[in-house]
Amino acid sequence: MEQLEKAELLNELFSAYKLLFTEKQIEYFEMYYMLDFSFQEIADEFGISRNAVYDQLKKVEENLFIYEKKLNLIKRRKQRLALIESYKESNDSKVLEELKRMDELWKTI
């Protein structure tokens, strides 16, 4: 996966799962992926080692993929958006039924 593509995916996942992380992990992630700070700049800001920043960001990254694999929030969001677009184009009530079914399935999880 290309670095830019990976960063975009991580940002998308982070927007869905942000509240599952510690305050520090959130700060490190936002500084690195959104504000383009280096590991060293983040380490200097918090008075920790560069390696500690790397380790925390690696944990966040791993957990983002684990959360999405288990919860599928992003996948479901994309499916809902695709169904909404399909409904806009077709006005087919079957599409609305599919959206309703997706919500009912979500309640059982």
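**Entry 1: α3 and α4**

At roughly what angle do the axes of helix α3 and helix α4 cross? I opened the predicted model with that in mind. I found that the axes of α3 (residues 39-46) and α4 (residues 50-71) cross at roughly 110 degrees and come within 8 Å. Angles of 65 to 115 degrees count as roughly perpendicular, so α3 is roughly perpendicular to α4.

Next I listed who makes the contact. On the α3 side I noted F39, Q40, I42 and A43, and on the α4 side R50, V53, Y54 and L57. Sorted by class, the residues of this contact come out as six nonpolar, one polar and one charged.

**Entry 2: α2 and α4**

I then turned to α2, which also packs on α4. Here the angle is about 95 degrees, and the axes are 9 Å apart. This makes α2 roughly perpendicular to α4.

From α2 I wrote down Q25, Y28, F29, Y32 and Y33; they meet Q56, L57, K59, V60, E61 and L64 in α4. The class count for the contact of α2 with α4 is seven nonpolar, two polar and two charged residues.

**Entry 3: the core**

Which residues have the most contacts inside the largest nonpolar core? My notes give F14, F21, F29, L57 and L64, in a core of 19 residues. I also checked which helices feed this core: α1 (3-17), α2, α3 and α4 each supply at least two residues.

I followed F14 a little further. Leaving out residues up to four places away in sequence, F14 touches F21, I26, F29, E30, M34, V60 and L64. Of these, F21, F29 and L64 are also on the list of residues with the most contacts in the core. F29 and L64 turned up in Entry 2 as well, in the contact of α2 with α4. L57 is in that contact too, and L57 also takes part in the contact of α3 with α4.

**Entry 4: salt bridges**

How many salt bridges does the structure hold? I have five in my notes, and I looked at some of them in detail. Side chains of opposite charge can pair when their charged atoms come close.

E61 and K6: their side chains meet in a salt bridge with an N to O distance of 2.8 Å. E61 sits in helix α4 and K6 in helix α1, so the pair ties together parts that are 55 residues apart in sequence. I checked accessibility for both partners. E61 counts as buried, at 11% relative accessibility, while K6 is partly exposed with a relative accessible area of 21%.

K78 and E12: here the closest N and O atoms are 3.6 Å apart. This pair links distant parts of the chain, with K78 in helix α5 and E12 in helix α1, 66 residues apart. Both partners came up as partly exposed: K78 at 45% relative accessibility and E12 with a relative accessible area of 23%.

E30 and K18: another salt bridge, 2.8 Å from N to O. E30 is in helix α2 and K18 is in the loop between α1 and α2, so this pair ties together parts 12 residues apart in sequence. E30 counts as partly exposed at 23% relative accessibility, and K18 is partly exposed with a relative accessible area of 30%. I also noted a network: salt bridges that share partners join K6, K58 and E61. E30 was already on my page, as one of the residues that F14 touches.

**Entry 5: positive phi**

I went through the backbone next. Most residues other than glycine have a negative phi. Two residues went into the notebook for going the other way.

D36 is not a glycine, yet has a positive phi of about 60 degrees. D36 lies in the loop between α2 (23-34) and α3. Is D36 buried or exposed? I have D36 down as exposed, with a relative accessible area of 66%.

N72 is the other entry, with a positive phi near 55 degrees in a residue other than glycine. I placed N72 in the loop between α4 and α5 (73-90). N72 is partly exposed, with a relative accessible area of 22%.

**Entry 6: E98 and R80**

My last lookup was a distance. E98 lies in helix α6 (residues 93-107) and counts as partly exposed at 28% relative accessibility. From C-alpha to C-alpha, E98 and R80 are 9.0 Å apart in space, with their positions 18 residues apart in sequence numbering.

Technical notes:
Residues numbered from 1 in each chain as written. Predicted model: local features only at pLDDT ≥ 70, side-chain atom pairs only at ≥ 80, totals over all residues. Heavy atoms only, no water. Axes fitted to C-alpha atoms, helices over the stretch in contact; angles between N-to-C directions. Helix = DSSP H or I, 4+ residues; strand = E, 2+ residues; numbered from the N terminus. Parallel < 35°, antiparallel > 145°, perpendicular 65-115°, else oblique. Contact = heavy atoms within 4.5 Å. Nonpolar A, V, L, I, M, F, W, Y, C, P; charged D, E, K, R; others polar. Buried < 20%, exposed > 50% of the residue type's maximum accessible area, 1.4 Å probe, protein only. Core = buried A, V, L, I, M, F, W, Y, C linked by side-chain atoms within 4.5 Å. Salt bridge = Lys/Arg side-chain N within 4 Å of Asp/Glu carboxyl O.
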